[in-house]
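Subject: Structure for you to look at

Dear colleague,

Here is the structure I said I would pass on. My notes on it follow below.

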Amino acid sequence: MADKRGLFLTLEGAEGVGKSTNIGFITAHLEENGIEYILSREPGGTLIAEEIRELLLAVHDEPMSELSELLLVFAARAQHIEAQIEPALAAGKWVVCDRFTDATFAYQGYGRGLSLEKIEQLQTMVQGTLRPDLTIILDLDPSVGMERASNRGELDRIEQEQQSFFHRVRQGYLDIAKAEPERCLVIDASKPLEQVKLDLLKALKQGLAKFA
Ligand code: T5A
């Protein structure tokens, strides 16, 4: 066990906002500052959780029930926390994660319309008191995000949802950011990538200052 627990940083946003592209700027900043970290993603991050991810994102002949989707997301998360996140944090490493439970509130709660109270109960059951220390939310009009995402190839099961679904997801993220301004920083992801990078690094430094 390390003297000081690592920090838990998450990157969030709807489809195609640029999370994968921008997460490298975050890890480069940590490396420049000699901070040990692990990089992970949800759903996924371990062998079993990655298998659950495939199940979640594949297009099946049988429609997936909304409750199955919610429980699978948390099943993958339970595995990820126990096998990766908690051991890294306990060892003093930082954890940088592409999506975490805010995505469940945004997609399954706001997007699908599942009860936010039920999601909170699962959050407590699966995570105990574990919450991200800092969350950066990339915000973008869903039509632009989907265009960016669809340029990359075939759309997965969730990406095939209607535009209205992604508008609700975006609103979900904005509501979360409003409710928790200390933890969540919102970046305008519609700007050119160089500008997004500068804004992100500024937000990161500002957000991390309170942990120094
Ligand atoms: N999910 C996940 C749930 O429903 N519940 C949950 O609890 C969790 C954890 C996961 C899916 O699972 C769902 C949400 C998702 O549907 P994912 O791969 O993590 O899937 O998420 P995606 O949103 O599908 O990730 P993407 O890879 O599509 O989007 P990114 O990473 O946000 O976008 P990125 O970086 O690949 O960029 C997309 C394109 O845009 C360009 C990039 O070069 C790239 O080509 N781009 C820009 N272009 C112009 N200007 C900029 N500023 C740009 N930034 C990026």
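Over the ring of which phenylalanine does the charged end of arginine 77 sit, 5.1 Å from its centre? That ring belongs to phenylalanine 100. Please keep in mind throughout that this is a predicted model.

Arginine 77 has a further ring contact of this kind: its charged end also sits over the ring of phenylalanine 74, 4.9 Å from the centre.

Aromatic pairs

There are three aromatic pairs in the structure. In one of them, the ring centres of phenylalanine 8 and phenylalanine 100 are 4.9 Å apart and the planes stand at 75°; an angle over 60 degrees counts as edge-to-face, so this pair is edge-to-face. The two residues come from distant parts of the chain, 92 residues apart. Phenylalanine 8 is in strand 1 (residues 8–12), while phenylalanine 100 is in the loop between strand 3 (94–98) and helix 4 (101–111). Phenylalanine 8 is buried, because its relative accessibility of 1% falls under the 20% limit. Phenylalanine 100 is buried too, at 1% relative accessibility.

Elsewhere, Tyr107, Phe165 and Phe166 are linked into a cluster by ring pairs.

The loop before helix 4

Arginine 99 is also in the loop between strand 3 and helix 4. Its phi is near 80°, which is a positive value in a residue other than glycine. With a relative accessible area of 12%, arginine 99 is buried.

Helix 4 and its surroundings

Of the 11 residues of helix 4, 10 are buried, and the helix is mostly covered. The buried residues are Thr101, Asp102, Ala103, Thr104, Phe105, Ala106, Tyr107, Gln108, Gly109 and Gly111. Among the elements that cover them are strand 1, helix 3, helix 5, strand 4 (134–139) and helix 7 (163–179). After helix 4 comes glycine 113, with a positive phi near 85°.

Two of the covering helices are worth taking one at a time.

Helix 3 packs against helix 4 at an angle of about 175°, the axes being 11 Å apart. Angles over 145 degrees count as roughly antiparallel, so helix 3 is roughly antiparallel to helix 4. On the helix 3 side the contact involves Glu69, Leu70, Val73, Phe74 and Arg77, and on the helix 4 side Thr101, Thr104 and Gln108. Within an α-helix there are 3.6 residues a turn, so residues three or four places apart point the same way.

Helix 7 packs against helix 4 at about 135°, with the axes 8 Å apart. Helix 4 is therefore oblique to helix 7. Their crossing is right-handed. From helix 4, the residues in this contact are Asp102, Ala103, Phe105, Ala106, Tyr107, Tyr110 and Gly111. They meet Phe165, Phe166, Arg168, Val169, Gln171, Gly172, Tyr173, Asp175 and Ile176 of helix 7. Tyr107, Phe165 and Phe166, named above for their ring cluster, are all part of this contact.

Helix 3 and helix 5

How do helix 3 and helix 5 run relative to each other, roughly parallel or roughly antiparallel? The axes of helix 3 (residues 66–90) and helix 5 (residues 116–127) come within 10 Å and cross at roughly 25°. Angles under 35 degrees count as roughly parallel, so helix 3 is roughly parallel to helix 5. The crossing is right-handed. Helix 3 contributes Leu70, Leu71, Phe74, Arg77, Ala78 and Ile81 to the contact, and helix 5 contributes Ile119, Leu122, Gln123, Val126 and Gln127. Leu70, Phe74 and Arg77 of helix 3 appear in this contact and also in the one with helix 4.

Other points

The peptide bond from glutamate 42 to proline 43 is cis, with omega near -10°. Proline 43 is in the loop between strand 2 (37–41) and helix 2 (47–57).

Glutamate 117, in helix 5, is exposed, with a relative accessible area of 53%. Its C-alpha is 22 Å from that of threonine 10, and the two residues are 107 apart in sequence.

Serine 65 is in the loop between helix 2 and helix 3. This residue counts as partly exposed, at 36% relative accessibility. Between the C-alpha atoms of serine 65 and methionine 146, which are 81 residues apart along the chain, the separation is 23 Å.

Regards

Technical notes. Residues numbered from 1 in each chain as written. Predicted model: local features only at pLDDT ≥ 70, side-chain atom pairs only at ≥ 80, totals over all residues. Heavy atoms only, no water. Phe/Tyr/Trp six-rings, centres within 6.5 Å; stacked < 30°, edge-to-face > 60°. Helix = DSSP H or I, 4+ residues; strand = E, 2+ residues; numbered from the N terminus. Buried < 20%, exposed > 50% of the residue type's maximum accessible area, 1.4 Å probe, protein only. Lys NZ or Arg CZ within 6 Å of the ring centre and 35° of its normal. Axes fitted to C-alpha atoms, helices over the stretch in contact; angles between N-to-C directions. Parallel < 35°, antiparallel > 145°, perpendicular 65-115°, else oblique. Left-handed = near helix turned anticlockwise from the far one by under 90°. Contact = heavy atoms within 4.5 Å.
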